[in-house]
Amino acid sequence: MVSVAPARATRTRSTRSRGASVALHAALIVASLVALFPVAWLVLTSIKPRDAWQSTTVQLFDSPTLANYVQVLTQTAFPRWLFNSLLVAALTTVLGVVMSASTGYAVSRFRFPGFRSIMWMLLITQMFPVAILIVPIYNLLAGLGLINQFPGLVIAYLTSAVPFCAWMMKGYFDTVPVEIDEAGRVDGLTHFGTFWRLILPLSKPGLAVAAFYSFITAWAEVAYATAFMTGDDKYTLAVGLGQFVGQHKAEWGLLTASSVLIAAPAALVFLLVQRHLVTGLTAGATKA
Amino acid sequence: MTAQVADGTAAGTPARGRARDPMRRGRAYSRHWYAWAMCAPVVIVTLVLVGYPLVRGIYLSLTDATEANMGRTIGMNVIPSTYEFVGLANYTAIVTSAEFLSRLGWTVVWTVACVALHYGLGLGLAMLLNRPVRLRSLYRMLLVLPWAVPVFVSAFIWRYLLNGEFGVVNAMLRAVGFAGVTWLDDPFWAKVSVIGVNVWLGVPFMMLALLGGLQAIPRELYEAAEVDGASPWQRFRHITLPGLRPVSSTVVLLGTIWTFNQFPVIFLVTKGGPGGSSEILVTYAYRQAFEGIRNYSGSAAWGVLILALLVVMAVVYRRALRRAGEAW
């Protein structure tokens with residue numbers, strides 16, 4: 001172990017050759033540009049005049065204007081759709097996190113009859129082609145009177161968000177030492193009390209990822225929302241956006257402006273949780 | 001495997017102490033009661049919204065139900081269903097059709113190409129980000145950006161970027177003297193395009209997962225290897241790859257499932273076109289079900305087939321992992 005300290009010293013930034021540093025940064029910059037460019041182009045297009053997208057030359061700026069945004073926000077049902085989307089996404093996030101955390105904890109800590117079946121169920125549910133489930137779920141929700149109702153949509157989203165989140169939370173809880181549970185039990189907490197008071201506060205990174213995933217699922221889903229929501233006042237953003245794309249001609253000006261408005265909150269939530277993302281996600285993946 | 005310690009009844013020793021002592025048996029039940037209660041909401045919602053449709057779907061796939069002969073209620077009148085049980089006719093019709101094999105072939109190519117590129121690029125970027133490098137967190141945030149954009153928005157962006165006439169990709173190609181490519185209107189380039197779009201979408205997830213995996217590998221292993229004079233390639237081959245195995249096995253399985261069923265990318269970018277050339281099994285099945293007269297039984301049979309393919313794949317994969325010594 002004596003040799004460890006000098007070995008660590010050789011792995012710092014300062015000792016890397018200049019050429020290697022340049023290559024490293026060049027690779028990262030190219031990759032970042034590829035990741036960034038489509039999004040940046042979307043933003044640039046959205047502040048161009050309405051018909052500027054029909055241009056065959058590359059122009060970064062072309063008489064920038066906020067006209068597209070003004071039109072989207074004042075002359076379409078966009079604000080209503082935004083409210084609907086926020087409502088559905090918030091409900092899905094809260095319920096999704098609660099359900100996946102408790103399930104994840106149960107399959108992480110207990111070996112009970114049915115454990116294996118539940119693990120398989122969580123995996124297999126991921127495999128369901130959403131497109132195929134739409135018709136039966138539609139009939140089922142119609143029977144329950146939940147068509148064109150937000151709770152119906154939330155329940156449908158939970159079926160796709162919760163299995164993945166629970167699977168991931170299990171992995172996260174596996175990394176929390178069992179000694180903590182044992183200490184809680186010794187101090188007289190119930191299983192549920194241990195989970196609620198000791199384990200959850202220690203699992204914020206994992207919870208953040210679960211929240212993010214649930215939010216994105218609800219925020220960005222198209223197929224269920226298209227099939228289940230029938231009234232213009234009940235549309236979510238994903239469905240509403242489709243109204244700007246005509247059969248033959250798309251309103252790219254409006255489309256890009258509303259895309260930016262839709263992507264921005266998602267990116268914001270993302271930035272809030274991204275600090276926890278690597279820890280949460282990997283803990284989930286390493287032990288799953 | 002810290003988990004198994006928490007409660008005595010680990011999978012390998014299910015009967016420990018159970019028969020000896022009624023007190024213990026009671027305690028075991030109370031433990032299970034907690035576990036079951038905590039899983040109950042998920043299990044119930046899943047069984048109702050996935051299990052029931054699945055059972056019903058399997059039943060429908062054995063009948064000749066379509067929109068025309070399905071029972072329904074119009075106002076006060078209840079029209080009874082008139083569809084009949086036809087056994088495996090739907091399945092034989094699908095499996096023997098030329099369409100099924102060609103769709104399956106392209107779906108496999110699509111899945112393998114996407115997952116390989118996701119994994120390769122994700123691992124490469126994760127290894128770059130795992131080095132001590134200036135601006136590391138800025139790079140990480142930029143690289144993760146595609147994941148933060150909702151998929152349907154991304155699909156719209158790419159359809160615009162790849163537009164043959166007005167798309168900026170072709171505009172840039174023309175600016176440097178190449179002819180534009182009809183990205184979305186040529187069968188070959190349409191396939192390249194959808195793979196490219198899906199790779200752009202999926203790399204951030206792989207990168208973050210593998211980055212976390214890299215950070216979990218004890219630094220001491222590398223230091224010891226370096227002291228022993230191992231080359232960078234040897235360190236990668238004998239420390240990094242084995243150390244990443246647990247992460248890799250999970251993300252590759254999930255990635256494969258997600259890509260195999262990747263509906264929005266193909267449906268929104270090329271609409272399966274041109275001429276159905278970029279249609280994968282899922283989008284093809286969806287079109288069967290929702291275009292023209294809704295063929296409920298046919299689409300159910302497609303769904304069951306797709307699911308069966310995935311389940312077989314997952315079982316084979318898990319078994320291979322278990323043989324390699326990974327318990328689950």
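**Side-chain contacts, a working chat**

Colleague: Hi! Quick one to start: is Asp181(A) buried or exposed?

Modeller: Asp181(A) counts as buried, at 7% relative accessibility. Keep in mind that this is a predicted model.

Colleague: Thanks. What does Asp181(A) form with Arg109(A)?

Modeller: The two form a salt bridge, with 3.0 Å between the closest N and O atoms. Asp181(A) lies in helix α8 (residues 178-186) of chain A and Arg109(A) in helix α4 of chain A, so this pair ties together parts that are 72 residues apart in sequence.

Colleague: And Arg109(A), buried or exposed?

Modeller: Arg109(A) counts as buried, with a relative accessibility of 1%.

Colleague: How many salt bridges does a search of the whole structure find?

Modeller: Three, over all chains. One of them joins Asp174(A) and Lys170(A), at 2.8 Å from N to O.

Colleague: How far apart are Asp174(A) and Lys170(A) in helix α7 of chain A?

Modeller: Four residues, which puts about one helical turn between them. Both Asp174(A) and Lys170(A) are buried.

Colleague: What about chain B: which residue forms a salt bridge with Arg103(B)?

Modeller: That would be Glu99(B), and the closest N and O atoms of the pair are 3.2 Å apart. These two also sit four residues apart, in helix α4 (residues 98-129) of chain B, so about one helical turn separates them.

Colleague: Where do they stand on burial, starting with Arg103(B)?

Modeller: Arg103(B) counts as buried, at 9% relative accessibility. Glu99(B) is partly exposed, its relative accessible area being 31%.

Colleague: Switching to rings. How many aromatic pairs are there over all chains?

Modeller: The count comes to 23. One of these pairs is Tyr105(A) with Phe173(A), whose ring centres are 5.7 Å apart.

Colleague: Nice. What are the planes of Tyr105(A) and Phe173(A) doing?

Modeller: They meet at 85°, and anything over 60 degrees counts as edge-to-face, so this pair is edge-to-face.

Colleague: And where in chain A do Tyr105(A) and Phe173(A) lie?

Modeller: Tyr105(A) is in helix α4 (residues 78-109) and Phe173(A) in helix α7 (residues 150-174), so the pair links distant parts of the chain, 68 residues apart. Tyr105(A) and Phe173(A) are both buried.

Colleague: Which residues form one aromatic cluster with Trp147(B)?

Modeller: The cluster takes in Phe164(A), Phe212(A) and Tyr213(A) from chain A, and Phe205(B) and Trp258(B) together with Trp147(B) from chain B.

Colleague: I'm curious about charges over rings too. Which residue lies over the face of Phe150(A)?

Modeller: Lys234(A) does, at 5.8 Å from the ring centre. In chain B, Lys191(B) lies over the face of Trp106(B), and there the distance to the ring centre is 4.9 Å.

Colleague: Last topic, cysteines. How many disulfides are counted over all chains?

Modeller: Zero.

Colleague: Why is there no bond for the sulfur of Cys165(A)?

Modeller: Its closest cysteine sulfur is in Cys39(B), 15 Å away, and that is too far for a bond. A disulfide would need the two sulfur atoms within 2.5 Å.

Colleague: How about the view from Cys39(B): which cysteine has the closest sulfur?

Modeller: Cys165(A), again at 15 Å, so the verdict for Cys39(B) is too far for a bond.

Colleague: And are those two cysteines, Cys165(A) and Cys39(B), buried or exposed?

Modeller: Cys165(A) counts as buried at 0% relative accessibility, and Cys39(B) counts as buried at 1%.

Conventions. Residues are numbered from 1 along each chain as its sequence is written. Chains are lettered from A and ligands numbered from 1 in the order in which they are written. This is a predicted model: local features need pLDDT of at least 70, side-chain atom pairs count only at pLDDT 80 or more; totals for chains, interfaces and linings use all residues. Side-chain values use heavy atoms; hydrogens and water are left out. Buried means under 20% relative accessible area, exposed over 50%, partly exposed in between (1.4 Å probe, protein chains only). Rings of Phe, Tyr and Trp (its six-membered ring) pair if their centres lie within 6.5 Å; planes under 30 degrees apart count as stacked, over 60 as edge-to-face and the rest as tilted. A charge sits over a ring if NZ of Lys or CZ of Arg is within 6 Å of the ring centre and within 35 degrees of the ring normal. A salt bridge is a side-chain nitrogen of Lys or Arg within 4 Å of a carboxyl oxygen of Asp or Glu.
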